[in-house]
Amino acid sequence: MLNQPLRFLPVPGEPQVDQAPPEVRTSRRRLRACHECDWLVALPPLRPGQRADCPRCGHTLVTRHHRPAQRSMALALAAMVALLLAISFPFVSFSVGGFGNRIELTQTATTLIGFHQPLVAIAVILTIAVLPGLYLLGVIWLQLGLLQGQPLPASRTIARSLAHLNPWMMADVFIIGALVSLIKVAGLAQIELGLSFWAFCVFALLLLFTMQSIDSDWMWFSLAGEPQAPEGARTGTTAAAQGLTGCPTCGLVNRLDGNGRGHCRRCGEGLRARLPHSLQRTWALLATAALMYIPANVYPIMTTTSLGHSSPSTIIGGVVELIQMGSWPIAVVIFVASVIVPVGKLVALAWLCLVVKRSDELNAASRTWLYRITEFIGRWSMIDVFVVAILVALIRAGSLMSVTPGPAALAFGSVVVLTMLAAMTFDPRLIWDAPLPRDSRDTQGTPG
Ligand SMILES: [Zn+2]
Ligand SMILES: [Zn+2]
């Protein structure tokens, strides 16, 4: 990189130009349309540590960090090192009656393949290691370019992909799954935590910090500048009412064509005023998830063999067993993650779809809150799938003690994925679109 032009290097004593926040580098009006309610706002100048929230629904539009590039780079590098440590050393070991087994992190996925559960195995390895690894490499690649003032090739494509990876990285959920599994077997066998277990905990924490450190407004500005705001755009009303829409990836406000379609001028993302067929897709995904929830509960999620005696257990059966063992807190965790969260999500999303345009069922802000909660908690249901993956890999002592996965593991995993997709296809902006009148009498009788 020695032949790079020096124009991006900072002049001593002056702030680094390429590190400065967008408002310092442009005098253009920076419009944003809230992703959750479509309100059009002009971003105020933000200092590091400040954030801009939507005045109508409270959704955070931009969070400005101190030295965003250095911060993300340092966190992503540290997280990458922790991930490499986590996959290179023993994760956890168990021993019972002289028999023992020691596993590495990746075996939580590979053992499942041996039991004809390749889809569950893929879901486990993708969510705990592969996707987070790709995400971190993407962040490092992007910030490396931004730090030297010259984006590296494919930076825009990577920046677009990063946003889509966020909900599918579940290292933190896996840790809770690991703790639940270890408590489940702690009374029956001796458990020893390996170096990789601690490295993975550090990795999960650093991954969360890295995700939070991404200032996508600053990043997109540094990658591709700020094109002129569409002519005649007015703040204080919705973008859709003016034929505009905010890009879901980079945030730029764009004008749509006569058919309500367009492409983002900054990042190239395809644009629509609202997610196409949002309600139909959400309903279809919810119906499939509800169907899959039946085999998820009817069939055993895993079978425990102890001293030659096999006992299959369903999700609810596992909770009852834990209560009988006296492990109340763990029973509550599993019950909440495997029953309350998925059922609650199904009911909440179905209700949101039903009342989406009615003004009399809670106000729009409360419904948006409900939507945010369902979106946030969805991934935590994976705990039970991770518990199965860990126990199946770890508890291998032949007829003395072993655990095999049941058909409910795949069914339940698909419920989690389907409800997460349902939350993604639901467009929260529909909640804020003009409500249908209660009935004709009300609209005549109520003034204003
Ligand atoms: Zn809003
Ligand atoms: Zn864009």
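The largest cavity of this predicted model holds about 70 Å³ of space, where a cavity is a set of points, on a 1 Å grid over the protein atoms alone, at which a 1.4 Å probe fits but cannot get out; the volume is the space filled by probe spheres set on the points, which are joined across faces, edges and corners. Of the 13 residues that line the largest cavity, Lys184, Ile301, Met302, Gly318 and Asp384 are the closest to its centre, lining residues being those with an atom within 4 Å of a point. Helix 10 (315-325) and helix 13 (383-394) are the elements that give two or more residues to this lining, and helix 10 provides the largest share, 4 residues; helices are DSSP runs of H or I with at least four residues, strands are runs of E with at least two, and both are numbered from the N terminus. By class, the lining of the largest cavity comprises 8 nonpolar, 3 polar and 2 charged residues, with Ala, Val, Leu, Ile, Met, Phe, Trp, Tyr, Cys and Pro counted as nonpolar, Asp, Glu, Lys and Arg as charged, and the others, Gly among them, as polar. The count comes to 3 cavities of 30 Å³ or more.

The second largest pocket encloses about 320 Å³ of space, a pocket being an open set with protein on both sides within 12 Å along at least five of seven lines. It is lined by 16 residues, of which Lys184, Leu188, Thr304, Glu321 and Met325 are the closest to its centre. Two or more residues each are given to this lining by helix 6 (171-186), strand 12, strand 13, helix 10 and strand 15 (401-405), and the largest share, 4 residues, again comes from helix 10.

Strands 12, 13 and 15 also belong to an open sheet of 4 strands, which has the order 13-12-15-14 with antiparallel pairing; strands pair if DSSP finds at least two bridges between them. Strand 13 (309-313) and strand 14 (396-397) are the edge strands, each pairing on one side only. Strand 12 (residues 302-306) is joined to strand 13 by 5 bridges, the two running antiparallel, and serine 306 stands opposite histidine 309 in strand 13.

Two zinc sites were also examined. The zinc ion (ligand 1) has as protein donors the SG atoms of Cys34, Cys37, Cys54 and Cys57, at 2.2 to 2.3 Å, donors being N, O and S atoms within 2.8 Å of the metal (3.2 Å for Na, K and Ca), with water not among the atoms, so sites may look incomplete. The 4 donor atoms subtend angles of 101 to 115 degrees, and the arrangement is therefore tetrahedral, a class that requires all angles of four donors to lie between 85 and 135 degrees. The donor residues of ligand 1 follow the spacing C-x2-C-x16-C-x2-C, and cysteine 34 and cysteine 37 are both buried (under 20% relative accessible area, with a 1.4 Å probe and protein chains only).

For the zinc ion (ligand 2), the protein donors are the SG atoms of Cys247, Cys250, Cys264 and Cys267, lying 2.2 to 2.3 Å from the ion. Cysteine 247, in the loop between strand 8 (244-246) and strand 9 (253-255), and cysteine 264, in the loop between strand 10 (261-263) and strand 11 (270-272), are 17 residues apart and link distant parts of the chain. Angles of 100 to 118 degrees make the arrangement around ligand 2 tetrahedral.

Residues are numbered from 1 along each chain as its sequence is written, and chains are lettered from A and ligands numbered from 1 in the order in which they are written. Local features need pLDDT of at least 70 and side-chain atom pairs count only at pLDDT 80 or more, whereas totals for chains, interfaces and linings use all residues, and side-chain values use heavy atoms, with hydrogens and water left out.

How values were computed:
Tetrahedral: all angles 85-135°; square planar, octahedral: opposite > 155°, others 65-115°. Buried < 20%, exposed > 50% of the residue type's maximum accessible area, 1.4 Å probe, protein only.
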